[in-house]
Amino acid sequence: MKKDLLSLLDLEKDDFDRLFKRAIQLKQRYAKGIFDNVLTGKTLGLIFDKKSTRTRLAFETAMVQLGGHPIYMSAQDTQIARSEPPKDTARVLSRYIDCLAIRTFDQSLVEEFAQNATIPVINALTDAFHPCQILSDIMTVVEHKGGYKDVKIAWVGDGNNVANSWINAASILGFDLRVACPDEYGINPQIIEAVSAKGDNNVVYTNDPKEAVKDADVVYTDVWASMGDEAQLAKRIIDFEGFQVNKELLFGAKDDVMVMHCLPAHRGEEISEDVLEDKNSVFWDQAENKRHMHKAILENLILGN
Ligand code: CP
Ligand code: NVA
């Protein structure tokens, strides 16, 4: 049975732990100049309906460094742009490639691809989720904090795709997560319902960023207007007042608080210039770790191990 990665709710705790371990091992081996050519002869297709720097590069370089080959398909240059249905495209692509990563708007589109493809399908970001991002970010937490179990994580900002994937991860891994969003921009109740069925109380929702960051080990933020929401930016800048991650807000967190951001960042909006440029920041480690984690994900899904 092929596996897909459409949201983090597709994974069990053991799957997370295996991926963290393997990604860290692959990172260490790469640092020693060891290439694991486990995907020789395999191909990854990438269909991106939204812009990307890190995720696309992480998938492409991961594939090459594992001995495989990535094929980037701009939706505009394929028959998708001339309305070939996703269910047909999914079946055709399954006859050529070994795995497909999709970045698009609707979660239902990646689900439709997955249902009709005989190859693994990976969500490379939708309006609803960004699962691969949070896998590599928790890898960064593990590297810097020695684990994730007793780490208090605060989300400050929009109740968006990245926040949703943090909530999914917390519901499975059990770490403390406090999510602070302005009232109009809170987490979709369906996301909360999907994880509360798991019976955990380790996720707290608030509209007070100070409450969320109190004693936090990690403070995470992301843009106030995600791809697709850009037209609302001016209104959002007003509505998100008090939600900027800056030195003043971080005063309430632990002394060794680690600030994280999936990037790209908008200086002076969700994060201040001095926090972004702090010499101890891990933003660039986060970006690098996407490559190592994407290797672990590709290996796991393509080889089924
Ligand atoms: N963090 C992230 O997904 O970045 P890109 O949009 O550049 O891929
Ligand atoms: N929430 C952002 C993440 C970008 C990596 C977006 O969807 O645009």
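## Domain layout

The domain assignment splits the protein into domain 1 (8–130 + 287–303) and domain 2 (131–282). The model is predicted. Between the C-alpha centres of domain 1 and domain 2 the distance is 24 Å.

## Where the domains touch

Contacts link 29 residues of domain 1 to 23 residues of domain 2. Four elements each give two or more residues to the domain 1 side: α1 (13–31), α2 (54–65), β4 (121–123) and α12 (283–303). By class, this side of domain 1 has 17 nonpolar, 6 polar and 6 charged residues.

## Ligand 1

Which residues surround ligand 1? They are Ser 52, Thr 53, Arg 54, Thr 55, Leu 125, Gln 133, Cys 262 and Leu 263. Both domains take part: domain 1 (8–130 + 287–303) and domain 2 (131–282) each supply at least three residues. The shell around ligand 1 holds 3 nonpolar, 4 polar and 1 charged residues.

## Ligand 2

The surroundings of ligand 2 are Leu 125, Asn 160, Asn 161, Val 162, Asp 222, Val 223, Ser 226, Met 227 and Cys 262. By class, this shell has 5 nonpolar, 3 polar and 1 charged residues. Leu 125 and Cys 262 appear in the shells of both ligand 1 and ligand 2.

## Annotated span

An unreviewed UniProt entry lists residues 3–143 as "domain: Aspartate/ornithine carbamoyltransferase carbamoyl-P binding". Residues 3–143 are 44% helix and 14% strand. The end C-alpha atoms of the span lie 27 Å apart.

Technical notes. Residues numbered from 1 in each chain as written. Chains lettered and ligands numbered in written order. Predicted model: local features only at pLDDT ≥ 70, side-chain atom pairs only at ≥ 80, totals over all residues. Near = placed C-beta within 6 Å. Nonpolar A, V, L, I, M, F, W, Y, C, P; charged D, E, K, R; others polar. Domains from an automatic or database assignment. UniProt positions renumbered as here; feature names shortened; annotations may be inferred. Contact = placed C-beta atoms within 7 Å.
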